Every structure is written in C-alpha cells, then in structure tokens.
Amino acid sequence: MRWAHSQQVLSQARKLAPVVGNARVVLAVSAILHDVGYASAAVDTGQHMIDGARYLARLGCDPLVCSLVAYHSSSEWEAAELGLAPALAEFERPPSDLLDAITFCDLTSGPDGAPVDATSRLDEVLCRYAPDHVVHRAVSAARPALLAMVARVEERLAARPGGYPM
C-alpha cells in the first residue's frame with residue numbers, strides 16, 4: 001500500500017513541474033523517496049522523515065532531496081514532539097516553495113494511491129492514530145500550516161494558464 005501512495009505522490013509531483021521549474025527532477029525524486037524512512041534498513045530514530053533523510057544522505061543522495069524528505073508534511077511538529085529537533089536540524093530546511101510542493105503531493109495522495117483532497121487526507125491520518133499518539137498530536141498541531149501549504153500550491157497552479165492538469 002505504501003508503494004501505491006508513493007507512486008501517486010510522484011504523479012502529483014510530475015503535475016507540479018510547470019510551477020517548480022528547474023527543481024522538477026529534485027521534486028520527483030523526493031516524491032518517490034519521501035517515505036523511504038519506513039524501510040527497515042533506514043529506521044534509526046523512529047521518525048520516518050528524519051530516518052529517510054539520513055538513509056538517503058548515507059547513500060550520497062542530493063542534499064536538497066534529503067532536506068525535502070526530512071521536512072515533508074508534519075515532520076517539524078513530529079520532531080518537536082519526539083525531542084528530535086536537533087536530528088532534523090542536521091538537514092537544511094528546504095526552500096518554502098519546494099517544501100510546500102512536496103507536502104502538497106503527499107497530502108493529496110491517499111494511502112491506497114488514489115488522489116484525495118488534503119482535508120480528507122489529514123482526517124484519514126488522524127483516524128489511524130489515537131489522540132495520545134505522537135503522530136496524532138503533531139498532525140493536529142500542524143494542520144493549519146499544512147493546509148496553508150497546500151493552498152499556496154493550489155494558488156500557484158490556479159494562476160497558470162490552464163490551471164492544474166488533472
């Protein structure tokens with residue numbers, strides 16, 4: 001199921017190519033690899049974003065890809081909840097437009113690989129975790145910021161002639 005999700009995240013990234021310009025390859029690579037931190041070979045801290053970024057860094061991956069993997073979606077909030085802010089800080093925070101883009105791609109891709117709206121995706125994540133779980137707390141706290149990131153990308157897409165390619 002995670003593979004279907006990652007493939008849809010890549011599909012979304014490809015659709016954003018016109019608004020990310022020269023960063024389209026970095027975004028696409030980050031999209032397909034964004035959840036690599038769940039792989040047993042990558043697990044270190046237990047926070048999949050940081051673990052994935054560390055794993056990719058060990059493999060010699062582009063630092064911007066590592067940063068996008070490290071910071072995507074609710075990573076900053078989750079790292080704060082877990083006391084892992086110093087580990088996250090091993091990676092430079094990516095440019096806001098690219099962080100918005102990778103987060104948009106993740107939050108508009110369902111766990112089964114279907115396209116979804118970001119609000120539904122966040123609701124789905126919250127339903128999977130008990131209210132006292134770190135992911136539930138982090139996503140709840142991050143929700144307004146995450147939806148703002150998605151809205152900024154949607155605004156950039158809407159401003160293009162022809163809008164967003166479905």
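Tutor: A residue counts as buried when its relative accessible area is under 20%, as exposed when over 50%, and as partly exposed in between (1.4 Å probe, protein chains only). Helices are DSSP runs of H or I with at least four residues, numbered from the N terminus. The model is predicted, with local features requiring pLDDT of at least 70, side-chain atom pairs pLDDT 80 or more, and totals for chains, interfaces and linings using all residues. Residues are numbered from 1 along each chain as its sequence is written, and side-chain values use heavy atoms, without hydrogens or water.

Student: How many residues of H5 are buried?

Tutor: H5 spans residues 63-71. Its buried residues are Val-65, Cys-66, Ser-67, Leu-68, Val-69, Ala-70 and Tyr-71. The helix is thus mostly covered, and of its nine residues the number buried is seven.

Student: Which helices do the buried residues of H5 pack against?

Tutor: Packing is judged by contact, that is, heavy atoms within 4.5 Å. By that criterion the buried residues of H5 face several helices, among them H7 (85-88). The full list of partners is H3, H4, H6, H7 and H8.

Student: Why is Ser-74 classed as it is, and what is its relative accessible area?

Tutor: Ser-74 lies in the loop that joins H5 to helix H6 (75-82). Although in a loop, Ser-74 is classed as buried because its relative accessible area is 6%.

Student: Which residues are in contact with Ser-74, leaving aside its neighbours within four places in sequence?

Tutor: With those neighbours set aside, one of the contacts of Ser-74 is Met-49. The complete set is Met-49, Val-139, Ala-142 and Leu-146.

Student: Is Val-36 buried or exposed?

Tutor: Val-36 also has a place in a loop, here between helix H3 (24-33) and H4. Its relative accessibility is 18%, and therefore Val-36 counts as buried.

Student: How far apart in space are Val-36 and Gly-52, C-alpha to C-alpha?

Tutor: Along the sequence, Val-36 and Gly-52 are 16 residues apart. Gly-52 is among the residues that Val-36 touches, together with Ala-42, Tyr-55 and Leu-56, once residues up to four places away are excluded. From C-alpha to C-alpha, the two are separated by 5.1 Å.

Student: What is the relative accessibility of Arg-121?

Tutor: Arg-121 belongs to helix H9, which covers residues 118-128. Beyond residues up to four places away in sequence, Arg-121 touches His-5, Asp-106, Leu-107, Ser-109, Gly-110, Pro-111, Val-116 and Arg-128. Arg-121 counts as buried because its relative accessibility is 8%.

Student: What is the distance in space between Arg-121 and Gly-162, C-alpha to C-alpha?

Tutor: In sequence, 41 residues separate Arg-121 from Gly-162. Between their C-alpha atoms the distance is 26 Å.

Student: Which residues does Ala-13 touch, not counting those up to four places away in sequence?

Tutor: Ala-13 is part of helix H1, which runs over residues 2-15. Ala-13 counts as buried because its relative accessibility is 2%. With residues up to four places away left out, Ala-13 touches Leu-27, Ala-28, Ala-31 and Cys-105.

Student: What separation is found between the C-alpha atoms of Ala-13 and Val-25?

Tutor: Ala-13 and Val-25 stand twelve residues apart along the chain. Their C-alpha atoms are separated by 9.1 Å.

Technical notes: Helices (H or I, at least four residues) and strands (E, at least two) are DSSP runs, numbered from the N terminus.
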